[in-house]
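Got your viewer open? Grab the mouse, get the selection box ready, and let's take a walk together.

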Amino acid sequence: MSALFKNPLAYLSTSFVLFLVALPLVSIGTTSGPRILLWLGLAALCVGGLIPPVQRLLFAPKPPPAAPSHD
């Protein structure tokens, strides 16, 4: 799981896919489908929304080294 958070393209793509999956699930779950689809869509929406902040808090990128000053 930590390998996912170290690759920015991987965690942002995962978050985006979860958002894309959540929209139709919530829509179908609220209109005509079983209620479990609504809850799965809401869970996907929450997880997709939490991935970027969790990555920034737990696996923050290292700051670049300071350039030596020439005095």
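Which residues in α3 are buried? Before you click, some ground rules: this is a predicted model, where local features need pLDDT of at least 70, side-chain atom pairs count only at pLDDT 80 or more, and totals for chains, interfaces and linings use all residues. Residues are numbered from 1 along each chain as its sequence is written, and side-chain values use heavy atoms, with hydrogens and water left out.

**Stop 1: helix α3**

Now select L38, G41, A44, G48, I51 and Q55: these are buried in α3. Buried means under 20% relative accessible area, exposed means over 50%, and partly exposed lies in between (1.4 Å probe, protein chains only). The name α3 comes from DSSP: helices are runs of H or I with at least four residues, strands are runs of E with at least two, and both are numbered from the N terminus.

Next, select residues 35-58 to light up the whole of α3. How far apart are its end C-alpha atoms? They are 34 Å apart, and this agrees with the 34 Å that 24 residues should span at 1.5 Å a residue. (The expected span is 1.5 Å times one less than the number of residues.)

Zoom in on I51, where α3 bends by about 35°. That bend is the angle between axes fitted to the seven residues ending there and the seven starting there. Within four residues a proline follows, P52.

**Stop 2: P52 and its partners**

Stay on P52, which is part of helix α3. It counts as partly exposed because its relative accessible area is 24%. Which residues does P52 touch, not counting those up to four places away in sequence? Select Y11, L12 and S15 to see them; contact here means heavy atoms within 4.5 Å. You can also try a distance label from P52 to S13: they sit 39 residues apart in sequence, with 10 Å between their C-alpha atoms.

**Stop 3: across to helix α2**

Click S15, and you've landed in helix α2. S15 has 4% relative accessibility, so it counts as buried. Setting aside neighbours within four places in sequence, S15 is in contact with G48, I51 and P52.

Select residues 8-31 for the full α2 helix. Its 24 residues should span 34 Å at 1.5 Å a residue, and the end C-alpha atoms are 35 Å apart, which agrees. Color Y11, S15, A22, L25 and G29 to pick out the buried residues of α2. As you look along a helix, remember this: an α-helix has 3.6 residues a turn, so residues three or four places apart point the same way.

**Stop 4: G41 and I28**

Is G41 buried or exposed? Find it in helix α3: at 0% relative accessibility, G41 counts as buried. Beyond its neighbours within four places in sequence, G41 is in contact with A22, L25 and V26.

Then pick I28, over in helix α2. The C-alpha atoms of I28 and G41 are 9.3 Å apart, with their positions 13 residues apart in sequence. I28 is partly exposed, because its relative accessibility is 39%. Residues up to four places away in sequence aside, I28 touches G33 and L37.

**Stop 5: T30**

Select T30, also a residue of helix α2. At 44% relative accessibility, T30 counts as partly exposed. Show R35 and L38 too: T30 is in contact with both, leaving aside neighbours within four places in sequence.

**Last stop: the nonpolar patch**

Switch to a surface view and select F19, I36, W39, L40, L42 and L45. Together they form a nonpolar patch on the surface, with about 560 Å² of accessible area (Shrake-Rupley method, 1.4 Å probe, only the protein chains shown counting as cover). Patches use residues with over 30% relative accessible area and no salt bridge, joining like charges within 9 Å and nonpolar side chains (Val, Leu, Ile, Met, Phe, Trp, Tyr) within 5 Å. A salt bridge would be a side-chain nitrogen of Lys or Arg within 4 Å of a carboxyl oxygen of Asp or Glu.

Which helix gives the most to this patch? That's α3, with five residues. End on W39, in helix α3: it counts as exposed, because its relative accessibility is 55%.
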